[in-house]
Amino acid sequence: MTFTQDRPLRVLVVGSGPSGIFAADALIKQSEVPVRIDVLDKLPTPYGLVRYGVAPDHLKIKSVTAGFEKILSDPRVRFLGNVAFGTDLTYDEARSHYDALFYTFGASSDRRLGIPGEDLTGSMSATEFVAWYNGHPDAAAREMLLHATGVAVVGVGNVALDVSRILSKTTEELRDSDIAPHALDALEHSPVKDVWILGRRGAAQAKFTTKELREFGELHVSDPIVKGDEIQVSQADEDVADSTVKKNLEVLRAFAARSPEGRERRLHLRFLVSPTEILDDGHGHVAGLKIERNRLDEKGNAVGTGEFEILPVQMVLRSVGYRGMKIAGVPFDEGRGVIPNEQGRVTGRVGEYTAGWIKRGPSGVIGTNKADAVESVKLLLEDARNGTLQPVQDSNHDHIDALLSGKAIDVVTLADWKALDAHELMTGQAQGRPRAKVSHKAQMLEVIRSKRG
Ligand code: NAP
């Protein structure tokens, strides 16, 4: 065995979202190969999409962070926050100090629709909107124009349901969430009355899950509205429907049968429609969305019928999937937006592995990433045992720390994060809220420094 207790395998995990934490967990759960792991994050906060992607009113899902904290607290693991891989720590620097690199930096960008008007003011990705209301530092400073009375959300996945639900809730309903304070303030003044969620294919092809769909029936001031003719599905689709599709159809049919209660807001779930153009008000702002009615061809693809309609919206959120971003030094498949890999081994590289959305694309729930990370870790350990992984000359922790402090990088430790976490919880409680997130990086570092004493 190349690696021993005296000279353990040194792994750098790049990204502290669920996949990175699950990878660290799988590495410390085995005892055959002694390990030391540094988990890097460009933000001062750990947990990636759990903090910045999961909807702020889904606090139960976020409770996984208690288990994540335990993993980061293991003496063999260190959290190094506020360190950007590729710039603060370059690929070459990392390669010369770690025996293995494990990429789990997710998919932080978005996909586009490719229709006219997509760059108008008021048209943006759901990714940006989610980042804004969740207090992501890269989006926190963004001016969010919330003057729209009508909003179209393109796509029928769970992210589309999340953003539509947040837009449809009252401030009172949102107070029990950990939505960023700036977003809560802005949404309080939002005049939104109608939200349209648009699926290009049929109700049987929708990607959302039933629990999230049911929440539309429980909103205080929004009526869910479904057109009966748009949720009719063919016998062939009924025959192949899995239990989620069956339950979704049940809920949609119940919504269609329900007479609107005349509430002040409406949430329209539309199917078999595609956006074809975002209309300009003449001043560069969204003034409407042109949509075309579709039918499904024999392969189940959406095909336009030539029948158009214009939705009176001033905001369009495309929620058609996240996309991975390239990081300097790391191979990238531009077409798929992922790191090319074979079951988690980075193609053409020895000692480099990947897991999560940057490995397989943006799909699946938090738990999906556990099996995915375990698969990649198994290969890493196999390579460590069979001698494929060779120890680097200089694996000393202190040298990495000195390298970073030499570049004036203020590394955020787990203790620092815990201090910021406690601060957010305390400030939130004082406002009668579960948490008041600090969204600006400079403010996060200010709080952390003040707690270091
Ligand atoms: P998603 O589930 O892949 O949904 C993307 C949607 O965009 C699909 O309805 C897709 O339709 C549609 N679409 C793609 N290209 C389009 C185009 N050009 N025009 C119109 N529609 C288009 O992605 P997501 O909603 O971003 O979610 C990502 C993952 O995170 C999913 O696995 C999701 O379940 C998970 N997630 C889970 C939760 C939760 O558990 N509460 C919350 C948020 C996210 P087609 O099917 O026709 O391609």
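The legends below describe several close-up views of one predicted model.

Local features are given only where pLDDT is at least 70 and side-chain atom pairs only at pLDDT 80 or more, whereas totals for chains, interfaces and linings use all residues. Residues are numbered from 1 along each chain as its sequence is written, and side-chain values use heavy atoms, with hydrogens and water left out.

**View 1. An open sheet of 6 strands with parallel pairing.** Strands here are DSSP runs of E with at least two residues, helices are runs of H or I with at least four residues, and both are numbered from the N terminus. Two strands are said to pair if DSSP finds at least two bridges between them. The order across this sheet is 6-14-7-8-10-9, and its edges are formed by strand 6 and strand 9 (222–226), each of which pairs on one side only. From one strand to the next the twist averages 20°, where strand axes are lines fitted to C-alpha atoms and angles run from 0 to 180 degrees between N-to-C directions. Further along the order, strand 8 (residues 194–198) and strand 10 (residues 265–270) are joined in the parallel sense by 5 bridges, and tryptophan 196 stands opposite histidine 268 of strand 10.

**View 2. Strand 14 (residues 315–318) and its buried side chains.** In a regular strand, side chains alternate between the two faces of the sheet. In strand 14, Met315 and Leu317 point one way while Val316 and Arg318 point the other way, and all are buried, a word used for a relative accessible area under 20%, with exposed meaning over 50% and partly exposed lying in between (1.4 Å probe, protein chains only). Strand 6 (residues 123–125) pairs with strand 14 in the parallel sense over 3 bridges, and serine 125 stands opposite arginine 318. Strand 7 (residues 150–154) also pairs with strand 14 in the parallel sense, over 4 bridges, and here valine 151 stands opposite methionine 315.

**View 3. Strand 3 (residues 77–80) and the loop that precedes the strand.** Both faces of strand 3 are covered, for Val77 and Phe79 on one side and Arg78 and Leu80 on the other are all buried. Strand 2 (residues 35–40) runs parallel to strand 3 and is joined to it by 4 bridges, with leucine 40 opposite leucine 80. In the loop between helix 4 (65–73) and strand 3 lies aspartate 74, which is buried with a relative accessible area of 16%. The side chain of aspartate 74 reaches the backbone nitrogen of arginine 76 at 2.8 Å.

**View 4. An open sheet of 3 strands with antiparallel pairing.** Strands of a sheet pair through backbone hydrogen bonds, either parallel or antiparallel. In this sheet the order is 11-12-13, and strand 11 (273–280) and strand 13 (302–311) stand at the edges with a single partner strand each, so one side of each is left without a neighbour in the sheet. Neighbouring strands are turned by 25° against each other on average, direction ignored. Strand 12 (residues 286–296) pairs with strand 13 in the antiparallel sense over 7 bridges, and isoleucine 291 stands opposite glutamate 309 in strand 13.

**View 5. The surroundings of the ligand.** The ligand is surrounded by 22 residues, the closest being Val156, Arg200, Arg201, Glu212 and Gly364, where a residue counts as near if one of its heavy atoms lies within 4 Å. A backbone N or O atom of valine 156 lies 3.0 Å from an oxygen atom of the ligand, and a backbone N or O atom of glycine 364 lies 2.6 Å from an oxygen atom of the ligand. An N or O atom in the side chain of arginine 200 is 2.7 Å from a ligand oxygen atom. Taken alone, the ligand exposes 930 Å², and the protein buries 83% of that, with areas computed by the Shrake-Rupley method with a 1.4 Å probe. Helix 8 (residues 158–168) gives the largest share of the shell, 3 residues.

**View 6. Two residues with positive phi values.** Leucine 272, in the loop between strand 10 and strand 11, has a phi near 60°, a positive value in a residue other than glycine. Leucine 272 is buried, with a relative accessible area of 13%. Glutamine 343, in the loop between strand 16 (341–342) and strand 17 (345–346), has a positive phi near 55°.

Conventions: Polar contact = N/O pair within 3.5 Å; in protein donor to acceptor, adjacent residues only side chain to side chain.
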